[in-house]
Amino acid sequence: MANLVTETTATDVCFVHLIDEDGRALRLRGATPPFDQLVGKIELAVGEGVSGWVADHGEPAVIIGDKISDPRYRYIPALRGEDYTSMISVPVVTPLGHLVGVLNVHTRLRREFTTSDVDLLRSVAGLVAGAIENARLHQRLAEREEALERFAEQTMEWQEHERRRLAGEIHDGISQRIVSLFFHLSAAADAIGTSPDLAAEQIARAQELAGAALDETRLAIAGLRPPVLDDLGLAPSLASLGRSFPQLDVQVETTEQQIAEHLETAMYRTAQEALQNVAKHAGAQTVRIRLTAPPGRIVLEVADDGTGFDLAVAGSALAGQGGPSGFGLPGMRERAELLGGRLEIITAPGRGTTVRLIVPTAARSVPAG
Ligand SMILES: Nc1ncnc2c1ncn2[C@@H]1O[C@H](COP(=O)(O)OP(=O)(O)OP(=O)(O)O)[C@@H](O)[C@H]1O
Ligand SMILES: [Mg+2]
């Protein structure tokens, strides 16, 4: 494109600076040789140098000679300004009026650029603006598609993990109880004629086991979808979750806030897994659950005063590949990422553990363009 521009305008070199996504810097994205070597390496703030001035003001700049004394000019050694005398710099604006960059042409010899030279360069810039914007839209679309693919992949992995968890709970918990239940009932049946006391004892054991199986079934279902959230809302649900760990002193601090339903579920599940970890691994006395809402975010913290652990050892777990130990930490992390947020774990042996989930409230799991 830069070559085409120099040919069209009968100039010696052309530079194409494009504006960054955040609109604050111009980056050299195209140039005629030998300056094409510098593509990607030159950056100017909007407002800096002649190009920065043009981007800032949205109007062309023409310098016929003696640019050093032009207050807008900034000398960048790599661009060899001393070899060129006259220049035109025009804003690159899309048909919708969107500034995408700045186009500069320079001549070695002094040249009295006229308004029609400027107009010509402006129309060339208008043509390339559309092409540049299309390329950018295309790239954004591709990025979005990739993010969606990752999203689908993680969701499927997560579902698979949930299925395995449920299968585990049914196999290790519920069906074991039913097997023992069956044995105690058989023993009761055998004893009922000869030894009613023994039979009564077996039936009492069977009753206990039936109760335990029922509790475990409820827990397995609650793990699938926490119904308590719909009944109570997040803050009371967290308190109730805390009470379901009677061996721990769980303090819950929350601020009143409106949270989208899917974020509530994520917060609840993360707190649930973190508390299970505390109960299983930490040997802690006290756990503090805190829910806060700094601008644009929701933060959940579960902090215990237990043993802590070596993150480097559990590191591969966090890296997501089903670590040496379990699914808890990678699952929490995956969920955080699905919501466009992140999971932080602050811990060291002997120092307790804090699990922090941070999610944006304008949660877009897929970065939009
Ligand atoms: N609060 C904690 N205190 C001490 N150690 C912890 C704590 N949380 C996690 N850990 C350590 O990190 C490891 C990984 O935890 P993770 O939840 O991923 O797996 P798990 O609890 O062992 O198994 P799963 O969650 O799949 O039942 C644990 O095995 C434990 O060693
Ligand atoms: Mg765990």
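The centres of domain 1 and domain 2, taken over C-alpha atoms, are separated by 51 Å in this predicted model. The domain assignment of the protein chain places domain 1 at residues 2-113 and domain 2 at residues 226-369. The points below turn to one strand residue, Arg27, and then to a pair of helices.

**Arg27 and its surroundings**

- Arg27 belongs to strand 2, which covers residues 25-31.
- Because 16 other C-beta atoms lie within 10 Å of its own, a number between the limits of 12 or fewer for exposed and 20 or more for buried, Arg27 counts as partly exposed.
- Leaving aside residues up to four places away in sequence, Arg27 touches His17, Leu18, Asp20, Gly40 and Glu43.
- One of these partners, Glu43, is 16 residues from Arg27 in sequence, while the two are 4.5 Å apart in space from C-alpha to C-alpha.

**Helix 7 and helix 9**

- Helix 7 (residues 261-282) and helix 9 (residues 328-338) have axes that come within 10 Å and cross at roughly 160°.
- Since angles over 145 degrees count as roughly antiparallel, helix 7 is therefore roughly antiparallel to helix 9.
- The crossing of helix 7 and helix 9 is left-handed.
- On the side of helix 7 the contact is made by Ala266, Arg269, Thr270, Glu273, Gln276 and Asn277, and on the side of helix 9 by Gly328, Gly331, Met332 and Arg335.
- Sorted by character, the residues of this contact between helix 7 and helix 9 comprise two nonpolar, five polar and three charged.

Conventions:
Residues are numbered from 1 along each chain as its sequence is written. Chains are lettered from A and ligands numbered from 1 in the order in which they are written. This is a predicted model: local features need pLDDT of at least 70, side-chain atom pairs count only at pLDDT 80 or more; totals for chains, interfaces and linings use all residues. Domain bounds come from an automatic or database domain assignment. Helices (H or I, at least four residues) and strands (E, at least two) are DSSP runs, numbered from the N terminus. Two residues are in contact if their C-beta atoms, placed from the backbone, lie within 7 Å. Axes are lines fitted to C-alpha atoms, for helices over the stretch in contact, and angles run from 0 to 180 degrees between N-to-C directions. Angles under 35 degrees count as roughly parallel, over 145 as roughly antiparallel, 65 to 115 as roughly perpendicular and the rest as oblique. A crossing is left-handed if the near helix is turned anticlockwise from the far one by less than a right angle, and right-handed if clockwise. Ala, Val, Leu, Ile, Met, Phe, Trp, Tyr, Cys and Pro count as nonpolar, Asp, Glu, Lys and Arg as charged, and the others, Gly among them, as polar.
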